Amino acid sequence: MVDALESGHSHDSEIMQQAVQEHFDFCNRFWKPSAEAYKSLALSYLLPTEYRDSYESTKEGLGKYIYDAVCHFADTKLS
């Protein structure tokens, strides 16, 4: 996801959506989220949480980028 952001791929690009699919598949090993629940998880990448802090310390803007990508994925693949 960092590589996609740094390479200038949009949140809805094929490469980023594939990364989100892999993340969703990983989540599904432990939890079966609905579209809304998956978007709610991604919200923790924007709000003041350890997730956001971790992503933002890796690359500024990464939390919002992933949030936007997850929302697009959920809206187009899970709804």
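## A tour from His-72 through the helices

Select His-72 first: setting aside its neighbours within four places in sequence, this residue is in contact with His-11, Asp-12 and Gln-17, where contact means heavy atoms within 4.5 Å. Before going further, note that this is a predicted model, in which local features need pLDDT of at least 70 and side-chain atom pairs count only at pLDDT 80 or more, whereas totals for chains, interfaces and linings use all residues. Residues are numbered from 1 along each chain as its sequence is written, and side-chain values use heavy atoms, with hydrogens and water left out.

His-72 lies in helix α5, helices here being DSSP runs (H or I, at least four residues; strands would be E, at least two) numbered from the N terminus. With a relative accessible area of 26%, His-72 is partly exposed, on a scale where buried means under 20% relative accessible area, exposed over 50%, and partly exposed in between (1.4 Å probe, protein chains only). If you add Ile-15 to the selection, you will find its C-alpha atom 13 Å from that of His-72, although the two residues are 57 apart along the chain.

**Helix α5**

Now select the whole of α5, residues 62-78. The end C-alpha atoms of its 17 residues are 22 Å apart, which agrees with the 24 Å that they should span at 1.5 Å a residue; the expected span of a helix is 1.5 Å times one less than its number of residues. The buried residues of α5 are Leu-62, Gly-63, Tyr-65, Ile-66, Ala-69, Val-70, Cys-71, Phe-73 and Ala-74, and they pack against α1, α2, α3 and α4, the last of these covering residues 50-58.

**Helix α2**

Move next to α2, residues 14-27, a helix of 14 residues that reaches 20 Å from its first C-alpha to its last, close to the 20 Å expected at 1.5 Å a residue. Colour Met-16, Gln-17, Ala-19, Val-20, His-23, Phe-24 and Cys-27, which are the buried residues of α2. They cover an arc of only 155° around the axis, which puts them on the same side of α2; the arc is that of the directions from the helix axis to the C-beta atoms. An α-helix has 3.6 residues a turn, so residues three or four places apart point the same way. To see what covers these buried residues, display α1 (2-6), α3 (35-43) and α5 (62-78), which are included in that cover.

Within α2, centre the view on Phe-24, which counts as buried at 10% relative accessibility. Not counting residues up to four places away in sequence, Phe-24 touches Pro-33, Tyr-38, Phe-73 and Leu-78. The C-alpha atoms of Phe-24 and Val-70 are separated by 8.8 Å, with their positions 46 residues apart along the chain.

**A nonpolar patch**

Follow the chain into the loop between α2 and α3, where Trp-31 lies; at 37% relative accessibility, Trp-31 counts as partly exposed. Adding Phe-26 and Phe-30 to the selection shows a nonpolar surface patch of about 360 Å² that these residues make with Trp-31. Such patches are made of residues with over 30% relative accessible area and no salt bridge, like charges being joined within 9 Å and nonpolar side chains (Val, Leu, Ile, Met, Phe, Trp, Tyr) within 5 Å, while accessible areas come from the Shrake-Rupley method with a 1.4 Å probe, only the protein chains shown counting as cover for residues.

**Salt bridges**

How many salt bridges does a search of the whole structure find? The search finds four, a salt bridge being a side-chain nitrogen of Lys or Arg within 4 Å of a carboxyl oxygen of Asp or Glu.

Select Asp-75 and Lys-39, whose side chains meet in one of these bridges (2.7 Å, N to O). Asp-75 lies in helix α5 and Lys-39 in helix α3, so the pair ties together parts that are 36 residues apart in sequence. Asp-75 counts as partly exposed at 42% relative accessibility, whereas Lys-39 is buried, with a relative accessible area of 15%.

Return to α5 for Lys-64 and Asp-68, which both lie in this helix, four residues apart, about one turn; their closest N and O atoms are 2.8 Å apart in a salt bridge. Lys-64 is partly exposed at 45%, and Asp-68 is partly exposed at 22%. Then select Glu-36 together with Lys-39 and Asp-75, since salt bridges that share partners join these residues into one network.

Finish at Arg-52 and Asp-53, whose side chains meet in a salt bridge (3.0 Å, N to O).
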